[in-house]
Amino acid sequence: SGVNKDTVWAREQALVYLELLHRVNLSTASLGGDIQTSPTRIELLDYRKLPQTERKEQIAGITYNVQRMAWALFPTQSGNLTVRLPDIWAITEKGRRLRLPGKQHPIQIKALPAGVPADILVGKPEINQSPLTVLPDINSITSWNITLRAPVMDHTLPASLPGLTAPANIKLYLDNAQRQIEEHADGIVSIANYTVSVTPLAAGEF
């Protein structure tokens, strides 16, 4: 078990993982509960349990089956955060019962530097914009799409795009974001798709 980073910024994604390595076949393997955190309880944090994955891995020439369970955490308060992972309860194919006790891992949360906006996206956001495929006619509507991706919870992305301006003889219509989340072994990426529609009220270049 472990964490991907010992130190993260406030609201930066931290990944906590638990891996079960085995060479014998298992009839069942389950967690004895959810993760726990202190001093801030897990219920008060933004977090998401990631889908369980399986792989094979060689260690010292021996091949193991590896079941991986992971959680993406987004702590907001600076200071120390202790993450306690649950026990694993397993039964082998031959009926042997195992209880593998969970461990705990500390994470240091750093406050954002002074002057940084509180709603900044912490991580590496990416933005893609599709070009206008058709030039708009007067009083007609032409749309294009803008996609924002970032390693944050989906509600952190803005509901509508900020900062878009146009001349007085151009009307802009902004749709609210269509959101989705991609889950990977190394965390989550939230995606917001925005549609911007343009109507020119006069001819010319703008």
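In this predicted model, strands S16 and S17 form a hairpin, with 2 residues between them. Strand S16 covers residues 178-184 and is joined to S17 by 7 bridges, the two running antiparallel. Within this pairing, Arg 179 stands opposite Ala 192 in S17.

**Strand S17 and its partners**

Strand S17 spans residues 187-200, and 12 of its 14 residues are buried, so this strand is largely enclosed by the rest of the structure. Besides S16, strand S17 is paired with S14, to which 9 bridges join it in the antiparallel sense. One position in that pairing is Ala 150, whose bridge partner in S17 is Ser 190. Strand S15 is likewise antiparallel to S17, with 5 bridges between them. Here Leu 172 has Val 198 of S17 as its bridge partner. The table sets out these three pairings.

| Strand paired with S17 | Bridges | Direction |
|---|---|---|
| S14 | 9 bridges | antiparallel |
| S15 | 5 bridges | antiparallel |
| S16 | 7 bridges | antiparallel |

As background, the strands of a sheet pair through backbone hydrogen bonds, and the pairing may be parallel or antiparallel.

Between strand S14 (142-150) and strand S15 (170-174) there is a loop, and Pro 162 lies in it. Is Pro 162 buried or exposed? Its relative accessibility is 62%, and because a residue counts as exposed over 50%, Pro 162 is classed as exposed. The C-alpha atom of Pro 162 is separated by 10.0 Å from that of Leu 174, a residue 12 places away along the chain.

**Two open sheets**

One open sheet contains 4 strands in the order S2-S12-S9-S5, and its pairing is mixed. Which strands stand at its edges? They are strand S2 (7-9) and strand S5 (36-38); each has a single partner strand, so one side of each is left without a neighbour in the sheet. On average, neighbouring strands of this sheet are turned by 30 degrees against each other, direction ignored. Strands S5 and S9 pair in the antiparallel sense, over 3 bridges. In this pairing, Thr 37 has Val 83 of S9 as its bridge partner.

Another open sheet is formed by 3 strands in the order S4-S10-S11, with antiparallel pairing. Its edge strands are strand S4 (26-31) and strand S11 (97-100), each of which pairs on one side only. The average turn between neighbouring strands of this sheet is 15 degrees, direction ignored. Strand S10, made of residues 88-92, is joined to S11 by 4 bridges, and the two run antiparallel. In this pairing, Trp 89 stands opposite Arg 99 of S11.

**Nonpolar cores**

The largest nonpolar core holds 19 residues, and those that touch the most other members are Val 16, Trp 71, Leu 73 and Ile 107. Which elements give two or more residues to this core? They are strand S3 (14-22), strand S8 (62-74), strand S9 (79-84) and strand S12 (104-110). Strand S3 gives the most, with 4 residues.

Leu 73 illustrates how parts of the chain meet. With its neighbours within four places in sequence left aside, Leu 73 is in contact with Glu 12, Gln 13, Ala 14, Val 16, Ile 35, Ile 42, Asp 46, Tyr 47 and Val 83. Among these contacts, Val 16 is one of the core residues named above, and Val 83 is the bridge partner of Thr 37.

There is also a second, separate core of 13 residues, which includes Ala 150, Ile 170, Ala 192 and Tyr 194. Two of its members appeared earlier in bridge pairs: Ala 150 with Ser 190, and Ala 192 with Arg 179.

**The chain as a whole**

The chain has 17 strands and 0 helices. Of its 206 residues, 31% are buried. Among contacts between residues at least 6 apart in sequence, 67% join residues at least 24 apart.

How does the overall extent of the chain appear? Its radius of gyration is 24 Å, whereas a compact globule of 206 residues would have one near 17 Å. The C-alpha atoms fill a box of roughly 80 × 40 × 30 Å, taken along the principal axes. The chain exposes about 12500 Å², and carbon and sulfur atoms supply 50% of that area.

Key
Residues are numbered from 1 along each chain as its sequence is written. This is a predicted model: local features need pLDDT of at least 70, side-chain atom pairs count only at pLDDT 80 or more; totals for chains, interfaces and linings use all residues. Side-chain values use heavy atoms; hydrogens and water are left out. A nonpolar core is a set of buried Ala, Val, Leu, Ile, Met, Phe, Trp, Tyr and Cys residues joined through side-chain atoms within 4.5 Å. Buried means under 20% relative accessible area, exposed over 50%, partly exposed in between (1.4 Å probe, protein chains only). Contact means heavy atoms within 4.5 Å. Two strands pair if DSSP finds at least two bridges between them. Axes are lines fitted to C-alpha atoms, for helices over the stretch in contact, and angles run from 0 to 180 degrees between N-to-C directions. The radius of gyration is taken over C-alpha atoms; the globule rule is 2.2 Å times the number of residues to the power 0.38. Accessible areas come from the Shrake-Rupley method with a 1.4 Å probe; for residues, only the protein chains shown count as cover.
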